[in-house]
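Reader: I am new to reading protein structures, and I would like to understand how the words used for them are justified. Could we go through one example together?

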Amino acid sequence: MNLSLAGRTEKPVAHPVPVRVGGFGGPEGLAQHLRESGVDILVDATHPYAAQISANAAEAAAKTGVPIVALRRPPWTTSTADHWEDVDDASAAADRLVASEKRLRVFLALGRQELTPFERAPQHFYLIRSVDPVEPRLILPDAQYIVARGPFEEVDESDLFQTNRIDIIVCKNSGSSATYAKLAAARQLDIRVLMIRRSALPDVPSGETVDEVLAMIDHLVTSVAKKRGV
């Protein structure tokens, strides 16, 4: 088994398998890699918001005839106790903050590449948490930075929000249990959430959990072995 990482995180979690880092050069480059490496099954386990990578994987699988399986975590769902507002992307979330007449204390839980739109709303305070340091720092007069990797606990998130008097959270609907605690804390503290919607993903065989995907892979492994007469 081989693992490919996009390279967005400077210090990814270690894995006990061969790892390559970086893009392939679009679907054609990935298709060429699948052929040259003799890949039997392609597993798309990217982030729910990595729509381009998922599209490239689906196209490369179609070009090569390599079976593909995707891990698609279900999104978080809101309850009547939540105060979520769906927005299309980080730019749309920033537009909401630009339009606010009240000075807000904002918690940004986004990737480093998605933060610059918030420079359009410099009137607010920002608490910015990311896996890697944000460099260069944003052009904002009142911002603090936290470098941390989940999982996070609800009690810790609640303490963080209360200490920093957070009014609003901006995040993505990743569906991950490791980062859900901020939403549970927001619910208890009556904090607004600007939730960035997911993009549409290719229609390929998929499972919602790792166990479901592993079962699908086992089935495909058996099918590939039969075709090879193994």
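Reader: Which residues does S174 touch, and how do you know that they count as contacts?

Author: In this predicted model, S174 touches H47, P48, Y49, R73, W76, T179 and R198, leaving out residues up to four places away in sequence. A contact requires heavy atoms within 4.5 Å, so each of these residues has a heavy atom within that distance of S174.

Reader: Why is S174 called buried?

Author: S174 is placed in the loop between β9 and α5, and its relative accessibility is 7%. Buried means under 20%, so S174, at 7%, counts as buried.

Reader: What makes the pair of S174 and S176 a candidate for a polar contact?

Author: A polar atom of the side chain of S174 lies 3.3 Å from the backbone nitrogen of S176. The cut-off for such a pair is within 3.5 Å, and 3.3 Å therefore meets the distance condition.

Reader: How do you know that β6 and β7 are paired strands?

Author: Strand β6, residues 105-109, is joined to strand β7, residues 125-130, by four bridges, and the two run parallel. Pairing asks for at least two bridges, so four bridges are enough for β6 and β7 to count as paired. Along this pair, L108 stands opposite I128, while F107 has L127 as its bridge partner.

Reader: Which strand besides β7 pairs with β6, and over how many bridges?

Author: β6 also pairs with β9, in the parallel sense and over four bridges, and V106 stands opposite I168 in β9. Four of the five residues of β6 are buried, so this strand is largely enclosed by the rest of the structure.

Reader: Why are β5 and β8 said to stand at the edges of the sheet?

Author: The open sheet has six strands in the order β5-β10-β9-β6-β7-β8, with parallel pairing. β5 (84-87) and β8 (143-147) each have a single partner strand, so one side of each is left without a neighbour in the sheet. Neighbouring strands of this sheet are turned by 20° against each other on average, direction ignored.

Reader: Which helices lie across these strands?

Author: Helix α4, residues 154-163, lies across β6, β7, β8 and β9, running at about 155° to β7. Helix α5, residues 181-189, lies across β5, β6, β7, β9 and β10, and runs at about 150° to β9. In α5, the residues A181, K182, L183, A184, A185 and A186 are buried, and what covers the buried residues of α5 includes β5, β6, β7, α4, β9 and β10.

Reader: What makes a group of residues a nonpolar core, and which residues have the most contacts inside the largest one?

Author: The members must be buried residues of certain kinds, Val and Leu among them, joined through side-chain atoms within 4.5 Å. The largest nonpolar core has 23 residues, and those with the most contacts inside it are L97, V106, L108, F118, Y126 and V170. The elements giving two or more residues to this core are α3 (90-98), β6, β7, β9 and β10, and α3 gives the most, with five. A second, separate core of 16 residues includes W84, F125, L160 and L183. In soluble globular proteins, nonpolar side chains tend to be buried together.

Reader: Which residues is V170 in contact with?

Author: Leaving aside neighbours within four places in sequence, V170 is in contact with A93, V106, F107, L108, A109, L110, F118, L194 and I196.

Notes. Residues are numbered from 1 along each chain as its sequence is written. This is a predicted model: local features need pLDDT of at least 70, side-chain atom pairs count only at pLDDT 80 or more; totals for chains, interfaces and linings use all residues. Side-chain values use heavy atoms; hydrogens and water are left out. Axes are lines fitted to C-alpha atoms, for helices over the stretch in contact, and angles run from 0 to 180 degrees between N-to-C directions. Buried means under 20% relative accessible area, exposed over 50%, partly exposed in between (1.4 Å probe, protein chains only). A polar contact is a pair of N or O atoms within 3.5 Å; within protein, one must be able to donate a hydrogen and the other to accept it, and residues adjacent in sequence count only if both atoms are side-chain atoms.
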